[in-house]
Amino acid sequence: MWLIAILFAIVEGVRGSLLGEDALPKVDGKDETEPGNVPSDIDLDLPDGATLIKLHGAFMVVAWMGTTSMGILIARYFKRTWVNQQFFGTDAWFFWHRACMLFTWTFTLIAFIMIFIDVDGWSYDEAPHAILGTITTIVCFFHPILAMLRPGVGDEKRKYFNWGHWFGGNLAHILATVTIFLSITVKKAQLPSWLYSILSLSVLAYVIAHIYFNVLLRKAQHHGAYGNRNIDAPYSTWRKRGLLIYCLVTLCIVIAVVTIIILAPIGESNGGTPVSE
């Protein structure tokens, strides 16, 4: 529970800074930040609820359908690609993996804060989505922090860290994906039920990418040059092409989903209520 308390404290601190609750005077003993008590001459300069919900959804989709998927694939299949290439003293594969995950971490926390500002605390109306989303954010928050404490390469405990890091990252990714699917049932989001089909395309593309890279990995392991760690593993060009295609496909899907979130409601929402023109 103390993990949740830390995140909630961060959210409340940011929310208090944005709303300026301590700075606002009280009228007749009532806090002017309460509904109906905000004077007309005070501009809080905050996005409305609908905007925050849309931004929350857009940020989460970009983070978990986009950069997380790319980061996982790079860490899993590209350690023997771009050999002898470094960025800022870091192996190329690790640089891109860390960049993707840093982007995910940042966007997830921003989205988490935005939705709590909108709902003013915990939402019991959308319990499954809220619970899974909170668990995902907690795992995401601590995952890179724990990664910085990893044992050295030669340490016997390193293998346990590797398994734990793999498990934590994939757990967060799976939970985030399920949470995004559940967002279609959130009434405030007003998302169309046919969005399930587009989200499923993202999952399908991710599964196909894993199959493709696994096939190349197995073929490379049976190649005579695989033992030479000073050069790229065999089929390096095919891996790079596969990653490029996956990134382009994922980019198109993410753009489509984000566009639908921003323009919602479109046609008929998942609640079955036709949208008035």
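**Figure 1. Two stretches of low confidence in the predicted model.** In this predicted model, residues 21-33 keep a pLDDT under 50 throughout, and the model has 18 contacts beyond four places in sequence for them. A second stretch, residues 35-46, likewise stays under 50 in pLDDT, and here the model has 12 contacts beyond four places in sequence. Where pLDDT is low, the predicted coordinates should not be read in detail. For the protein as a whole, the mean pLDDT is 80, and 75% of the residues reach 70 or more.

**Figure 2. The whole chain and its elements.** The protein contains seven helices and four strands, and, read from the N terminus on, these elements follow one another as α-β-β-α-β-β-α-α-α-α-α. Of its 277 residues, 41% count as buried, while the protein exposes about 16,100 Å², of which carbon and sulfur atoms supply 66%. When contacts between residues at least 6 apart in sequence are considered, 73% of them join residues at least 24 apart.

**Figure 3. Packing of helix α6 against helix α7.** Two packed helices are described by the angle between their axes and the distance between the axes. Helix α6, which covers residues 195-221, packs with helix α7, which covers residues 236-263, at an angle of about 170 degrees, and their axes are 10 Å apart. Because angles over 145 degrees count as roughly antiparallel, α6 is described as roughly antiparallel to α7. On the α6 side, the residues that meet α7 include Leu195, Ile198, Ala205, Tyr212, Phe213 and Leu216, and on the α7 side they include Trp238, Arg239, Gly242, Tyr246, Ile253 and Ile260. Sorted by class, the residues of this contact divide into 17 nonpolar, two polar and one charged.

**Figure 4. Packing of helix α5 against helix α6.** Helix α5, made of residues 158-182, also packs with α6, and the two axes come within 10 Å and cross at roughly 160 degrees. This angle makes α5 roughly antiparallel to α6. The contact is made by Asn170, His173, Thr177, Ile180 and Phe181 of α5, together with Tyr196, Leu199, Ser200, Val203 and Tyr206 of α6. By class, six of the residues in the contact of α5 with α6 are nonpolar and four are polar, with no charged residues.

**Figure 5. The end of α6 and the loop that follows, around Gln221, His223 and Pro234.** Gln221 belongs to helix α6, and His223 has its place in the loop between α6 and α7. Gln221 counts as partly exposed because its relative accessibility is 38%, and His223 counts as partly exposed because its relative accessibility is 38%. Pro234 lies 13 residues from Gln221 in sequence, with 8.2 Å between their C-alpha atoms. For His223 and Pro234, which are 11 residues apart along the chain, the C-alpha atoms are separated by 7.0 Å. Not counting residues up to four places away in sequence, His223 touches Pro234 and Tyr235.

**Figure 6. Surroundings of Met60 in helix α2.** Met60 is found in helix α2, and Met60 counts as buried because its relative accessibility is 13%. Leaving aside neighbours within four places in sequence, Met60 is in contact with Met65, Thr108, Ala111, Phe112, Thr137 and Ile180. One of these partners, Phe112, is 52 residues away from Met60 in sequence, yet their C-alpha atoms are 8.8 Å apart in space.

**Figure 7. Trp82 and Asn84 in the loop between α2 and β3.** Trp82 lies in the loop between α2, residues 49-77, and β3, residues 86-87, and Asn84 has its place in the loop between α2 and β3. The phi angle of Trp82 is near 60 degrees, a positive value in a residue other than glycine, and the phi angle of Asn84, near 70 degrees, is likewise a positive value in a residue other than glycine. With a relative accessible area of 17%, Trp82 is buried, whereas Asn84, with a relative accessible area of 68%, is exposed.

**Figure 8. The cis peptide bond between Ala264 and Pro265.** Ala264 and Pro265 are joined by a cis peptide bond, for which omega is about 5 degrees. Pro265 has its place in the segment after α7, and helix α7 itself consists of residues 236-263.

Terms used: Residues numbered from 1 in each chain as written. Predicted model: local features only at pLDDT ≥ 70, side-chain atom pairs only at ≥ 80, totals over all residues. Heavy atoms only, no water. Axes fitted to C-alpha atoms, helices over the stretch in contact; angles between N-to-C directions. Helix = DSSP H or I, 4+ residues; strand = E, 2+ residues; numbered from the N terminus. Parallel < 35°, antiparallel > 145°, perpendicular 65-115°, else oblique. Contact = heavy atoms within 4.5 Å. Nonpolar A, V, L, I, M, F, W, Y, C, P; charged D, E, K, R; others polar. Buried < 20%, exposed > 50% of the residue type's maximum accessible area, 1.4 Å probe, protein only. Areas by Shrake-Rupley, 256 points an atom, 1.4 Å probe, with all protein chains shown as cover. pLDDT = per-residue confidence, 0-100.
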